[in-house]
Amino acid sequence: MPRIITAFSNPLVKRIQALRDKRHRREEGMFLAEGLRILTEARETGRIPQFLFYAEASARHPLVTVLVKDVEAAGGEAIETTEAILSKLSGKDNPQSVVGAFPVFDAELSSLDRSASTIWLVAERLRDPGNLGTILRTGDAVGAGGLILIGDCVDPFSTEAVRASMGALFTVPLIRASWDSFLPWLRSGPGQLVGLSLRTDNNYRTAPYAAPTFLLTGNEAQGLPAEIEAECDLLVKMPMLGKADSLNAAVATAVMAYEVLAHHSLAGSN
């Protein structure tokens, strides 16, 4: 049977709240996700929270009932609590009705099947959690094989990044790797590395994309380093017709991803 916790001083409440801090996530090997939709999507991909907190008012919701059952069947713990404690856990004044603490997960490069998709997303030193979450959503939308994070990227399991991903964290394979490990892996099989850059004359609309395409986005402020651009098979840019010299990293990735998807779809129909 689910526990009932109503005290802010409860040790488990303090432990789960601490997962909003990167150091505690690393120590515990867990992260927070909130919202019935996101937790249901996680469940549908086989990801079950180790701890599930839910509001008393939502206890009879059929999706909450299923989540509670699955959490307990997996050896986790379901806790009925108050909206005030849910607010404390999520850091929001208007908290979602459910909050889950999940084991941290990501894949290894060696486990990837590059033939699983014609498009893969790669981000190098991405620093903004909102951008990371949005890129994950783009990956889900275009059916990307996964998102590969290169170098010192923002923590994909931060509360902000998980929230921005709107559940895509659970549906798009996530890999963290160094550049020195990613490049040899990429070159060990088929794959075209396409970098977004201002230092090229190749228009993104007319570039010769080849499947599988690994679409590489650089740091929000600095873009891609010259040494990484030199390893790309193709550099492309989008024309800037106004005063701005570039788009937001997540927006640029989305535009490029759909262009590559359209190119491969057209090529497949011929």
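**Loops, sheet and helix packing in the predicted model**

P212 occupies the loop that links β9 to β10. Helices (H or I, at least four residues) and strands (E, at least two) are DSSP runs, numbered from the N terminus. The peptide bond that leads from A211 into P212 is cis, and its omega is near -5°. Most peptide bonds are trans, and most residues other than glycine have a negative phi. The model is predicted: local features need pLDDT of at least 70 and side-chain atom pairs count only at pLDDT 80 or more, while totals for chains, interfaces and linings use all residues. Residues are numbered from 1 along each chain as its sequence is written, and side-chain values use heavy atoms, with hydrogens and water left out.

The two strands flanking P212 belong to an open sheet. Its 6 strands follow the order β8-β7-β6-β10-β9-β11, with parallel pairing. At the edges stand β8 (174-177) and β11 (234-236), each of which pairs on one side only. From one strand to the next, the twist averages 25°. Strands count as paired if DSSP finds at least two bridges between them. Between β9 (residues 192-196) and β10 (residues 213-217), which run parallel, there are 4 bridges. Here Q192 is placed opposite T213 of β10.

Helix α6 (residues 129-142) lies across two strands, β6 (119-124) and β7 (147-150). Its direction is at about 170° to β6. Axes are lines fitted to C-alpha atoms, for helices over the stretch in contact, and angles run from 0 to 180 degrees between N-to-C directions. The loop between β6 and α6 holds R125. R125 is not a glycine, yet its phi is positive, at about 55°. With a relative accessibility of 22%, R125 counts as partly exposed (buried is under 20% relative accessible area, exposed over 50%, partly exposed in between; 1.4 Å probe, protein chains only).

M166 also has a positive phi, near 55°, in a residue other than glycine. M166 is located in the loop between α7 (159-165) and α8. Its relative accessibility is 34%, so M166 counts as partly exposed.

Helices α3 (residues 36-44) and α4 (residues 62-73) pack together. Their axes come within 11 Å and cross at roughly 45°. α3 and α4 are therefore oblique to each other (under 35 degrees is roughly parallel, over 145 roughly antiparallel, 65 to 115 roughly perpendicular, and the rest oblique). The crossing of α3 and α4 is left-handed (the near helix is turned anticlockwise from the far one by less than a right angle). L36, L39, T40 and R43 of α3 make the contact with L63, V64, V66, L67 and D70 of α4 (heavy atoms within 4.5 Å). Of the residues in this contact of α3 with α4, 6 are nonpolar, 1 is polar and 2 are charged. Ala, Val, Leu, Ile, Met, Phe, Trp, Tyr, Cys and Pro count as nonpolar, Asp, Glu, Lys and Arg as charged, and the others, Gly among them, as polar.

Buried residues in α3 are L36, I38, L39, T40 and A42. They pack against β2 (30-34), β3 (51-55), α4, β5 (98-103) and α8 (168-171). After α3 comes G46, with a positive phi near 90°.

F105 sits in the loop between β5 and β6. At 12% relative accessibility, F105 counts as buried. Neighbours within four places in sequence aside, F105 is in contact with F31, R47, F157, L169 and F170. F105 and L169 are 64 residues apart in sequence, and their C-alpha atoms are 9.9 Å apart in space.
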